[in-house]
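Walk through this model with the coordinates open. Take each region in turn and check it by eye.

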Amino acid sequence: MWDVVIVGAGLSGLTSASQLLKKDAQLKILVLEGKDRVGGRTVSLTMPAAHGEDLWDLGGQWVGSTQTHVMDLIQELGLEVYPQYAEGRKVHHMGAPEAKARTYTSSLPFSSPLVLLDTTFFLWKVERLCKTVCVEDPLSTPNALQYDSMTLHSYMEQHIWTKELEQNMGICSRTLFGMEPSQLSFLYFLMFAAAAGGVLPLLGTEPGTAQEFRVKGGTQQLSEKLADQVGRENILLGSAVTAIEQSSGVVRVRTATQSFACKAVIVTCPPHLAAKIHYSPALPTERDRLAQSMPVGHLIKFIVTYPTAFWREKGFSGEVVVQACAGCPFSVTFDATSPGGSPALVGFIAGGQASDWGARTEDERRDSVILSLRKYLGPEASAFIHYGEKVSLSAAVFG
C-alpha cells in the first residue's frame, strides 16, 4: 500500500513527490512514467558540434527571473543559468515571400507609424483586460464566459487594423502555444499573459522576460536531480497508467502489466494524456469535457550546429521572425550557442506550419530550414555541422 502514486515523471510530478517528502520523509511515494526517461517536456540531447559534441535542449529550455518557482528550484538544485544571447540586428520578414526582409535592434519590429499605432492600442487593450483576470480562478474574471466563447483570432479581427500586426500575433500564438489564433480561447490567452505579467514579457529576451536565461547543462537536469531526491527505486519508467479506480477509501492504479494500491493519486500528465486514462468512478462531466476538447499545441523544434557563430560576426543576433509561407518552415529562430562556445541556432516550426511540414520527411524540413537561414543570415548557413529536431505535442514548449 503506497501513500501516494503520482502519474508522470516530468517537472510537475517529480516536484510534487519532492515537496511531499519534504513535509513527511516517511511517506511511501511511487511515480509512474510512460516514457523511458524522466523530464516530460524537457529533454536534453548531445549532438555533434564545433568542439566535438555538446548538449542542447530539444524541449523547453528558457527560464526568466520573474518565474520565481523554477528559479528557486534551480538554485536549490545547485544549477546555473546564463543569459540568452540577443546582441545585434534581428531579422523581420512579413507579408508575401517576395516582400523585403527588414532588420531592427529594438524589442519590437515596426514598419510604419500605422503599425506602431495599431500595436500600441492593441497591446494597451489586452494589457488592460489582463489586469482584470483572476489567474487562480479564470472563470471568476468579469465577462469570463464571453471571453472563453471567443478565440484570440476573433478578438484580433475586432481590434486589429493592420495586416502586419495580425501576422505578428499569429507568430506569437504559434510559437507560444503551438496553435493558430483561431484554436485558442481568448480567456486562456488573457490568463496566460496575466500570469506572466503581460503580453510583452512572454515574447522577449530582456531581463524579466520568459526567454531571459538558459540553464547550463540543460533543463532536463531539473528532473534528473529531483528524481535522485525522490529515489530512483520509487520511479517506474515505461509504465503508462491505463486506469485509476477508487472504492472504499483505496485507490488502485493500473498499467498494462501491473496494479498498485494507494491512499491518494496525483495526475500530472498533459490533459490529452490524462483524458485517455479510464477513471472509476468517472470524472465529473465538466472535467471530462474539458480534457476531451482541449486542443494540443504542435511544434517542431530544431537545433542547427555550426563551426562558427557567423551571424554574430556579421552583426546579427540570430533572431529571425518570419510570417508563415510555403518556402520557409519556421516562425522564429534564436542564437543557441552553448555555454562551452559551440555555435548553434534554435528554431520552431509551429502551429499550422508544424502540421503541414510534419507530413514531410526530416530531410525535407532540414533542407528548407537551411535554405531559409541562408536567405536571412547569409550563405554561411549552408556549412552546418548537424541538424537535430524533435516533434512535440505540448501546451507550451516555447519558454
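Gly327 touches Trp357, Ser368 and Ser372, leaving aside residues up to four places away in sequence. This is a predicted model, and contact here means heavy atoms within 4.5 Å. Gly327 sits in the loop between strand 16 (316-322) and strand 17 (332-335). Now look at Val369. Gly327 and Val369 are 42 residues apart in sequence, yet their C-alpha atoms are 9.1 Å apart in space. Is Gly327 buried or exposed? Neither label fits, because its relative accessibility is 48%, which counts as partly exposed. The partly exposed class runs between 20% and 50% relative accessible area.

Ser12 falls in that class too, with a relative accessible area of 46%. Ser12 lies in helix 1, which spans residues 11-23. The UniProt record, an unreviewed entry, lists Ser12 under "binding site".

Move on to the small set of paired strands. Which order do the strands take in this open sheet? The 3 strands run 5-9-6, and the pairing is antiparallel. Strand 5 (62-63) and strand 6 (81-83) stand at the edges. Each has a single partner strand, so one side of each is left without a neighbour in the sheet. Strands of a sheet pair through backbone hydrogen bonds, either parallel or antiparallel. Strand 6 and strand 9 (residues 213-215) are joined by 3 bridges and run antiparallel. For a marker on this pairing, find Tyr82: it stands opposite Arg214 in strand 9.

The helices come next. Start with helix 5, residues 152-159. Which of its residues are buried? They are Leu152, Ser154, Tyr155 and Met156. An α-helix has 3.6 residues a turn, so residues three or four places apart point the same way. The cover over the buried residues of helix 5 includes helix 3 (113-130), helix 6 (163-177) and helix 7 (186-196).

Helix 3 also holds Phe121. Phe121 is partly exposed, at 37% relative accessible area. That value meets the requirement for a surface patch, because patch residues need over 30% relative accessible area and no salt bridge. Phe121 joins Leu114, Leu117, Trp124 and Trp161 in a nonpolar patch on the surface. Together these five side chains' residues have about 550 Å² of accessible area. Nonpolar side chains are joined into a patch within 5 Å.

Methods. Residues are numbered from 1 along each chain as its sequence is written. This is a predicted model: local features need pLDDT of at least 70, side-chain atom pairs count only at pLDDT 80 or more; totals for chains, interfaces and linings use all residues. Side-chain values use heavy atoms; hydrogens and water are left out. Buried means under 20% relative accessible area, exposed over 50%, partly exposed in between (1.4 Å probe, protein chains only). Helices (H or I, at least four residues) and strands (E, at least two) are DSSP runs, numbered from the N terminus. Patches are made of residues with over 30% relative accessible area and no salt bridge: like charges are joined within 9 Å, nonpolar side chains (Val, Leu, Ile, Met, Phe, Trp, Tyr) within 5 Å. Accessible areas come from the Shrake-Rupley method with a 1.4 Å probe; for residues, only the protein chains shown count as cover. A salt bridge is a side-chain nitrogen of Lys or Arg within 4 Å of a carboxyl oxygen of Asp or Glu. UniProt positions are given in the numbering used here, feature names are shortened, and annotations may be inferred rather than shown by experiment. Two strands pair if DSSP finds at least two bridges between them.
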